[in-house]
Amino acid sequence: MKKVLELTDVKKIYKMGEERIAALDSVTLDFYKGRTYCLLGTSGSGKSTLLNMMAGLERPTKGKIVFKGVNLEKLSEVHLADYRQKYIGFVFQSYNLLPTLTALENVMLPLIFRKVPKKVRKEKAMEMLKAVGLENRAKHKPSELSGGQQQRVSIARAFVNAPEIIFADEPTGNLDTKTTYEMINLITEIAKKNNQTLIIVTHDLEISEYADEIIHIKDGNVDKVDIKQHEKENNNEKTV
Ligand code: ADP
Ligand code: MG
């Protein structure tokens, strides 16, 4: 298996006036191509901080974060932005769609940054909207879509660039139970099909069941890692 991301002794201290908050104490982890991971932990345990370091949105106070041989903590702001645009897809709890753009235009955005020609952008974005079951909502603005539909648009946007890694921070936090499982099924299926690494942050044990590995985060540290045995892989007689 190919390693895509390697964290060594990653620490993050936030200074609040006189106070120092160790959001991450010392995290050492490896992530491999095509696998689905869950960062599971209670509120305030450091999950989002960890995700933001790996996604190149924040820098560690100490430690190393290596993406395919490149040390992220040493990159300039410009190169970090480049890393995010080229290699990373994001799904947020609050969808983060641009309200004035249609569903299709929102999905096209990451391709604009990569200077893909307009015709190709449209084709690719439409293809992704189809993959998430929203081809008949392409011209709708976010306010004309349900929460679940908005999250589908944001999933299409996250994947349209074919990123190496997709980060999802509490992606179903604002959704009802049924929509939650539709969304988790969708995002894990697309990632598996394309052999992409998916890293989901959640506090929900049931969502974490969808991952190949559950990384338990507690007080800014990795408490333990559960590696799932998949029925489908181990029992060929079983078909879905
Ligand atoms: P989680 O995502 O697991 O709920 P976070 O990573 O958001 O946890 O936060 C971990 C800890 O770091 C919390 O105690 C939080 O208050 C603190 N923290 C997070 N971001 C900041 C920040 N920008 N400034 C100061 N403290 C922060
Ligand atoms: Mg969080």
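Which residue in β5 does Val66 stand opposite? The partner is Asn71, and that pairing is a handy way into this structure, which is a predicted model. Below is a quick tour of the ligand's surroundings, one enclosed space and some strand pairings.

**Around ligand 1**

- Let's start with who is there: Tyr14, Met16, Ile21, Ala23, Thr42, Ser43, Gly44, Ser45, Gly46, Lys47, Ser48 and Thr49 surround ligand 1.
- Sorted by class, that shell holds seven polar residues, four nonpolar ones and one charged one.
- Thr49 has a polar side-chain atom sitting 2.6 Å from an oxygen atom of the ligand.
- Ser48 also uses its side chain, with an N or O atom 2.9 Å from an oxygen atom of ligand 1.
- Gly46 joins in through its backbone instead, where a polar atom is 3.0 Å from an oxygen atom of the ligand.
- On its own, ligand 1 has 560 Å² of accessible area, and the protein covers 63% of that.
- Three elements each give two or more residues to the shell: strands β1 (3-16) and β2 (19-32), plus helix α1 (47-54).
- Of these, α1 supplies the largest share, with three residues.

**The enclosed space**

- Rolling a probe the size of a water molecule over the atoms reveals where empty space remains.
- Searching the whole structure for cavities of 30 Å³ or more turns up just one.
- The largest cavity holds about 40 Å³ of space.
- Its lining is made up of Met53, Glu58, Arg59, Pro60, Ile65, Leu72, Glu73 and Leu80.
- Five of those lining residues are nonpolar and three are charged, with no polar ones among them.

**How the strands pair up**

- β1 turns up again here, joined by five bridges to β4 (residues 62-67), and the two strands run antiparallel.
- In this pairing, Thr8 stands opposite Lys64 in β4.
- β4 also pairs with β5 (residues 70-71), again in an antiparallel way, through two bridges.
- That brings us back to the opening question, since Val66 and Asn71 stand opposite each other across β4 and β5.
- Together, β4 and β5 form a hairpin with two residues between them.
- Lys68 lies in the turn of that hairpin and has a positive phi of about 45 degrees.
- As a general point for reading strands, side chains in a regular strand alternate between the two faces of the sheet.

Terms used:
Residues are numbered from 1 along each chain as its sequence is written. Chains are lettered from A and ligands numbered from 1 in the order in which they are written. This is a predicted model: local features need pLDDT of at least 70, side-chain atom pairs count only at pLDDT 80 or more; totals for chains, interfaces and linings use all residues. Side-chain values use heavy atoms; hydrogens and water are left out. A residue is near a molecule or strand if one of its heavy atoms lies within 4 Å of it. A polar contact is a pair of N or O atoms within 3.5 Å; within protein, one must be able to donate a hydrogen and the other to accept it, and residues adjacent in sequence count only if both atoms are side-chain atoms. Accessible areas come from the Shrake-Rupley method with a 1.4 Å probe; for residues, only the protein chains shown count as cover. Helices (H or I, at least four residues) and strands (E, at least two) are DSSP runs, numbered from the N terminus. Ala, Val, Leu, Ile, Met, Phe, Trp, Tyr, Cys and Pro count as nonpolar, Asp, Glu, Lys and Arg as charged, and the others, Gly among them, as polar. On a 1 Å grid over the protein atoms alone, a cavity is a set of points where a 1.4 Å probe fits but cannot get out, and a pocket is an open set with protein on both sides within 12 Å along at least five of seven lines; lining residues have an atom within 4 Å of a point. Grid points are joined across faces, edges and corners, and a volume is the space filled by probe spheres set on the points. Two strands pair if DSSP finds at least two bridges between them.
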